[in-house]
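Student: I'd like a close look at one part of this model, the place where two helices pack against each other. Could you walk me through that packing and the charged pairs around it?

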Amino acid sequence: MKIASSFAVVVFVLIAMIATLGHIDGSVTFGEPPLNTSSDTLPITGEEEAYLRFVVGTLQGVSSDISSLGMLFSNPEFDNDEWKAAITVLLNRIESAPEMIVPLESSARLHAFQEASVAAVSHGAEFAGLIRIQLQQGQSNMTDDAAIELMAAAEAFGQAEYLLNRFLDEHPLPE
């Protein structure tokens with residue numbers, strides 16, 4: 001199974017997530033809001049908003065970088081130094097994302113979102129590490145381990161998206 005073909009399914013999920021994450025700035029709205037089962041409907045605090053903007057930006061960056069990897073691997077050029085440099089930059093950014101999110105402390109209301117976000121970037125980093133090994137070996141076939149990590153990342157991105165949308169539907173942004 002080629003890396004590029006494996007990316008196709010994940011890219012669709014990640015692109016949908018990028019569009020949905022636009023909801024945080026009020027520019028995009030999707031579907032029906034989930035029922036609020038919580039009695040906590042207080043607006044988002046300034047600290048929560050800053051946290052969300054940073055984490056969502058990081059998630060969008062990782063998602064975009066994974067998509068870019070897929071595009072670059074659709075036409076591998078192992079003898080092209082510019083191609084290898086572009087791949088290396090993307091892999092470095094994906095692998096460094098957990099360092100940016102793991103140490104963050106979220107509010108209690110955003111704890112589940114924090115966990116899903118950490119899982120998404122961690123699986124993405126594991127995937128990138130496995131792709132880096134393949135790149136060093138000049139292979140474009142995705143290993144089973146890399147495919148598993150890529151799918152786990154997509155699943156975690158989907159969970160983070162769901163939790164973010166639910167939180168935003170239940171807690172209004174301040175004026």
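Tutor: Here is a tour of the helix pair, followed by the salt bridges. Keep in mind that this is a predicted model.

Let's start with the geometry. Helix H2 covers residues 46-73 and helix H4 covers residues 111-136; their axes come within 11 Å and cross at roughly 25 degrees. Angles under 35 degrees count as roughly parallel, and H2 and H4 are therefore roughly parallel to each other. As for handedness, the crossing of H2 past H4 is left-handed.

Now for the side that each helix brings to the contact. H2 contributes Tyr 51, Leu 52, Val 55, Val 56, Leu 59, Val 62, Leu 69 and Phe 73. Facing them from H4 are Phe 113, Gln 114, Ser 117, Ala 120, Val 121, Phe 127 and Ile 131. Sort the residues of this contact by character and you get 13 nonpolar, two polar and no charged.

So where do charges pair up? Searching the whole structure turns up six salt bridges, and three of them are worth a look here. Take Arg 109 and Glu 48, whose closest N and O atoms are 2.4 Å apart. This pair ties together distant parts of the chain, 61 residues apart: Glu 48 belongs to helix H2, while Arg 109 sits in the loop between helix H3 (81-101) and H4. What about burial? Glu 48 has a relative accessible area of 5%, so it's buried. Arg 109 comes in at 25%, which makes that residue partly exposed.

Staying on H2, there's also a salt bridge between the side chains of Glu 49 and Arg 53, at 3.0 Å from N to O. Here both partners lie in helix H2, four residues apart, or about one turn of the helix. Arg 53 is partly exposed, with a relative accessible area of 42%.

Helix H3 offers a pair too. Lys 84 bridges to Asp 81, with 4.0 Å between the closest N and O atoms. If you're wondering about the cut-off, a salt bridge needs the nitrogen within 4 Å of a carboxyl oxygen. Both residues lie in H3, three residues apart, again about one turn of the helix. Asp 81 is exposed, with a relative accessible area of 59%, whereas Lys 84 is partly exposed at 32%.

To pull it together: the contact of H2 with H4 includes no charged residues, while H2 supplies Glu 48 to the salt bridge with Arg 109 in the loop between H3 and H4.

How values were computed
Residues numbered from 1 in each chain as written. Predicted model: local features only at pLDDT ≥ 70, side-chain atom pairs only at ≥ 80, totals over all residues. Heavy atoms only, no water. Axes fitted to C-alpha atoms, helices over the stretch in contact; angles between N-to-C directions. Helix = DSSP H or I, 4+ residues; strand = E, 2+ residues; numbered from the N terminus. Parallel < 35°, antiparallel > 145°, perpendicular 65-115°, else oblique. Left-handed = near helix turned anticlockwise from the far one by under 90°. Contact = heavy atoms within 4.5 Å. Nonpolar A, V, L, I, M, F, W, Y, C, P; charged D, E, K, R; others polar. Buried < 20%, exposed > 50% of the residue type's maximum accessible area, 1.4 Å probe, protein only.
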